[in-house]
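Please walk through this predicted model with me. We begin with the whole chain and then turn to single residues.

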Amino acid sequence: MEEDFRESNLRSREEETGSGGGHQVSPSLFLQLPSNQTLRFRGKKAAAWEAAWEGASVPTEDPHGLAPEMLLEEGEDSRLLKEMPLCLEEKRKLRMLQKQAVKQLSGWQLWRIEKLKTLRRLQSQASIAISSAKLWRGTLHHIEGHFGTGIQSYFNFLRFLILLNFVASLLVAGFVIAPNAAFEALQLNWTSQVNSSLVKALCQKYNPIPQGLVSYFSYIMDLLSGKGFIEQTYLFYGYYPNMAVRFVNFAYDIPLAYLLTTFFYLLFCLVWIVQRSILCLKQSLVSEDTSLASYSNKVFAGWDFSLMQDNMVQLKHKSIRYELRMDLEEASFRKHQAELTTSQRVSLYALRSLINILVLVFLGVSFYCIYLAVTYSQEKIGKADSPDKSQYLLELLLAYLPSAVITAANLLVPMIFHVLVPLEKYPLSFQIKITLLRNVVLRFASLIVVLVTLWGQITCNGNPQNSKCHNCGYNNHLHPCWETSVGQEMYKLMIFDLVITFLVILLVEFPRKMLVTYWPSNLLLKWWGEQEFMVPDNILGLVYGQTLCWTGALFCPLLPVLNTIKYIAVFYMKKLSLYANCRPAERTFRASSSNSFFLLILLLGFTISCVPALYSIFVLPPSKACGPFRDQSTMWSVVSHAVSELPAGAQDFLRFVGSVAFSAPLFLLLSVFMFYLKALASSYSSRIKSLKGQLCLEGQDKFFLVKRISELSQ
């Protein structure tokens with residue numbers, strides 16, 4: 001907008017100074033513009049643009065001598081020229097000026113410019129090579145071309161989780177699993193760290209291997225439930241020994257390596273997610289800001305030029321029409337809300353309160369059913385003389401009862417939310433957000449209910465004086481190795497989630513596609529239609545699965561490896577279902593293009609999963625019969641023991657870092673830095689507001705000029 005006005009200003013100056021004797025525009029016309037006092041360039045790059053404009057008006061010589069020198073400075077010529085909001089003719093003029101300026105440069109300057117161009121060319125080729133080597137690059141481009149960027153964002157998010165879990169799997173395998181396997185295979189000298197005086201014999205009763213003749217079907221049961229022979233593998237916490245392998249001048253402490261690997265695994269995931277969230281948040285703040293031109297952005301800049309198929313093009317037309325209709329309905333809704341009387345507002349708020357109470361009731365019923373399922377399953381499986389253990393199918397149903405109840409709640413309760421939300425008479429965009437928020441609460445809270453129920457069983461509801469927890473500090477009768485029990489629950493939830501995904505595709509989406517395809521005349525099937533690929537619901541499923549992986553990583557070290565395999569299978573299953581069964585949803589979710597909202601939900605899931613891990617490390621006593629921390633009061637004790645074996649200087653430094661003398665000044669410095677960033681953000685916010693106001697004035701300038709042109713033409 002500013003450039004259009006500057007171009008008209010330059011042309012008016014040429015007309016005023018020209019010798020043709022044509023019509024000269026009075027300077028008072030430009031003084032009448034609303035933005036005359038606010039129109040100015042800011043910043044170094046803007047100064048280069050202004051100089052370029054001055055030079056672009058003269059194609060053969062540069063009287064000011066600004067454009068070529070400035071555009072050739074530090075190799076910014078091509079980059080600035082590409083970013084300039086100019087037409088191709090003006091850019092060609094600037095390129096001619098640059099070529100003329102090159103002839104006046106010395107040999108050293110020419111060498112430096114050629115070197116910068118070569119480096120930029122190598123950098124561009126390297127970025128192209130890295131981009132072409134990305135995982136599933138061609139597949140994602142094909143999905144983008146057939147279904148648009150909204151659905152592609154789901155597969156991009158899934159690819160990110162696969163890479164995250166794969167790198168984390170390398171970390172866990174390299175520092176925990178591989179050293180244990182190597183030490184066991186080489187039969188090196190193990191040094192046990194168990195202090196038998198601190199361990200009661202009653203707490204050491206733990207033998208998960210079944211005795212006697214074992215049928216083949218029981219091995220399948222053990223594989224699905226995580227018990228039996230698979231419990232004594234590297235998959236679960238209880239198999240790892242509490243020992244250290246000592247070499248000549250080095251000792252590999254397995255408990256310390258186990259704990260530090262878990263810490264670095266969670267820290268690595270946090271850093272990568274935060275870094276990706278910052279990038280996506282920057283993009284969303286720019287792309288989703290519709291405060292200035294919501295309708296014009298959709299009409300003139302809302303088209304997806306990567307679409308190739310005719311039906312996808314028609315669907316994109318419908319999507320844009322839907323967004324425009326939604327904006328118009330929201331504007332009409334806000335106008336209607338402003339005209340409501342007091343009694344109508346009271347009745348509307350009463351209706352919303354009643355519906356929210358119903359939502360809380362459904363959530364409470366779901367959580368109570370999950371609590372009953374977890375309690376009943378653990379009590380039945382924990383009994384050694386249970387008659388259910390002789391019936392394999394019934395035992396499998398008991399093992400997966402909590403997973404089945406959680407999955408049923410995650411499938412049925414959101415349907416009820418979709419029915420209730422239109423009755424609250426919210427705007428359409430807010431209906432999508434509040435429904436998504438309720439689904440997030442349902443999924444995360446169901447996992448929290450499972451963890452709290454397990455915590456109540458393990459710690460006797462936080463009462464260490466209970467007869468079941470008095471001897472060992474935890475309920476060793478029901479959970480002799482409670483860390484493995486928690487890992488088994490996360491393992492079963494992950495397996496069941498994968499099975500449900502496969503069954504939904506096979507038994508729901510495929511038959512629905514066949515019915516709609518072969519009986520198109522049926523009115524009911526025509527109304528039902530094909531399966532829509534709902535991006536928010538599918539991404540919430542991925543976030544839920546990743547939260548399960550983080551929660552069980554401390555108790556099931558191989559869970560990141562299994563999660564990587566699971567997500568690879570989900571990628572191909574969802575891709576097959578997308579091409580064969582689904583169509584894009586007509587109601588597009590606006591945040592799906594940037595993924596910033598879903599990354600924030602992923603960070604929320606990460607926070608929830610860190611709570612049980614940190615509580616188990618610092619508070620709960622480890623199992624006395626299994627695991628690498630069986631002789632410790634807490635898991636964190638191995639770190640304190642390792643620090644005590646360091647040299648005196650290192651111990652003093654670590655104690656100083658953990659003391660108040662270090663933490664208090666650090667807290668003050670961080671507070672000052674936080675207030676500085678807050679002030680900086682406030683100044684940026686005020687500048688953005690002024691720039692938005694300037695853009696509004698530019699729009700008023702256009703209306704003013706059009707009005708004057710129409711007056712002069714008459």
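The protein chain exposes about 39600 Å². Carbon and sulfur atoms supply 65% of that area. Of the 714 residues, 41% count as buried. The secondary structure comes to 25 helices and five strands. Take the contacts between residues at least 6 apart in sequence: 76% of them join residues at least 24 apart.

How far does the predictor trust this model? The chain averages a pLDDT of 77, and 78% of the residues score at least 70. Confidence is lowest in helix α4 (residues 67-72), with a mean of 44. Confidence is highest in helix α21 (residues 559-580), at 92. Over residues 1-27 the pLDDT is below 50. That stretch still has 33 contacts in the model beyond near neighbours in sequence. Residues 37-50 also stay under 50. For residues 37-50 the model has 25 contacts beyond four places in sequence.

Next, the annotated spans. An unreviewed UniProt entry lists "transmembrane region" for residues 157-178, 256-274, 354-377, 397-420, 440-458, 490-508, 597-618 and 653-677. Two of these spans are worth tracing in the model. Residues 440-458 are 100% helix and 0% strand, and their end C-alpha atoms lie 27 Å apart. Residues 490-508 are likewise 100% helix and 0% strand. There the end C-alpha atoms lie 26 Å apart.

Now to the aromatic residues. The structure holds 25 aromatic pairs. One of them joins F183 and Y252. The ring centres are 5.6 Å apart and the planes stand at 70°, so the pair is edge-to-face. The two residues come from distant parts of the chain. F183 sits in helix α9 (residues 149-186), and Y252 sits in strand β3 (residues 251-253). In sequence they are 69 residues apart. F183 is buried, with a relative accessible area of 9%. Y252 is buried too, at 15%. Elsewhere, W136, Y154, F155, F533, F571 and Y572 form one aromatic cluster.

Two members of that cluster, Y154 and F533, lead to N538, which touches both of them. N538 also touches K574, not counting residues up to four places away in sequence. N538 is found in helix α20 (residues 535-552). Is N538 buried or exposed? N538 is buried, because its relative accessible area of 16% falls under the 20% limit. A polar atom of the N538 side chain lies 2.5 Å from the backbone oxygen of M534.

S623 gives a second buried polar site. Its place is in the loop between α22 (596-618) and α23 (637-644). The relative accessible area of S623 is 0%. Which residues does S623 contact, leaving aside its neighbours within four places in sequence? They are Y474, P480, C481, W482, E483, F629 and R630. Two of these contacts can be followed to the atoms. The side chain of S623 reaches the backbone nitrogen of W482 at 3.1 Å. A polar contact of 2.5 Å joins the side chains of S623 and E483.

K227 offers another setting. This lysine is in the loop between α10 (216-225) and β2 (243-246). K227 is partly exposed, with a relative accessible area of 24%. Beyond four places in sequence, K227 is in contact with D222, I381 and Q488. With Q488 there is a side-chain polar contact of 3.1 Å. I209 lies 18 residues from K227 along the chain, and their C-alpha atoms are separated by 8.5 Å.

Finally, look at the backbone. Most residues other than glycine have a negative phi. K425 has a positive phi, near 60°. K425 is placed in the loop between α16 (401-420) and α17 (428-459). C460 also has a positive phi, near 55°. C460 lies in the loop between α17 and α18 (482-518). C460 is buried, with a relative accessible area of 11%.

Terms used: Residues are numbered from 1 along each chain as its sequence is written. This is a predicted model: local features need pLDDT of at least 70, side-chain atom pairs count only at pLDDT 80 or more; totals for chains, interfaces and linings use all residues. Side-chain values use heavy atoms; hydrogens and water are left out. pLDDT is the predictor's confidence in each residue, from 0 to 100. Helices (H or I, at least four residues) and strands (E, at least two) are DSSP runs, numbered from the N terminus. Contact means heavy atoms within 4.5 Å. UniProt positions are given in the numbering used here, feature names are shortened, and annotations may be inferred rather than shown by experiment. Buried means under 20% relative accessible area, exposed over 50%, partly exposed in between (1.4 Å probe, protein chains only). Accessible areas come from the Shrake-Rupley method with a 1.4 Å probe; for residues, only the protein chains shown count as cover. A polar contact is a pair of N or O atoms within 3.5 Å; within protein, one must be able to donate a hydrogen and the other to accept it, and residues adjacent in sequence count only if both atoms are side-chain atoms. Rings of Phe, Tyr and Trp (its six-membered ring) pair if their centres lie within 6.5 Å; planes under 30 degrees apart count as stacked, over 60 as edge-to-face and the rest as tilted.
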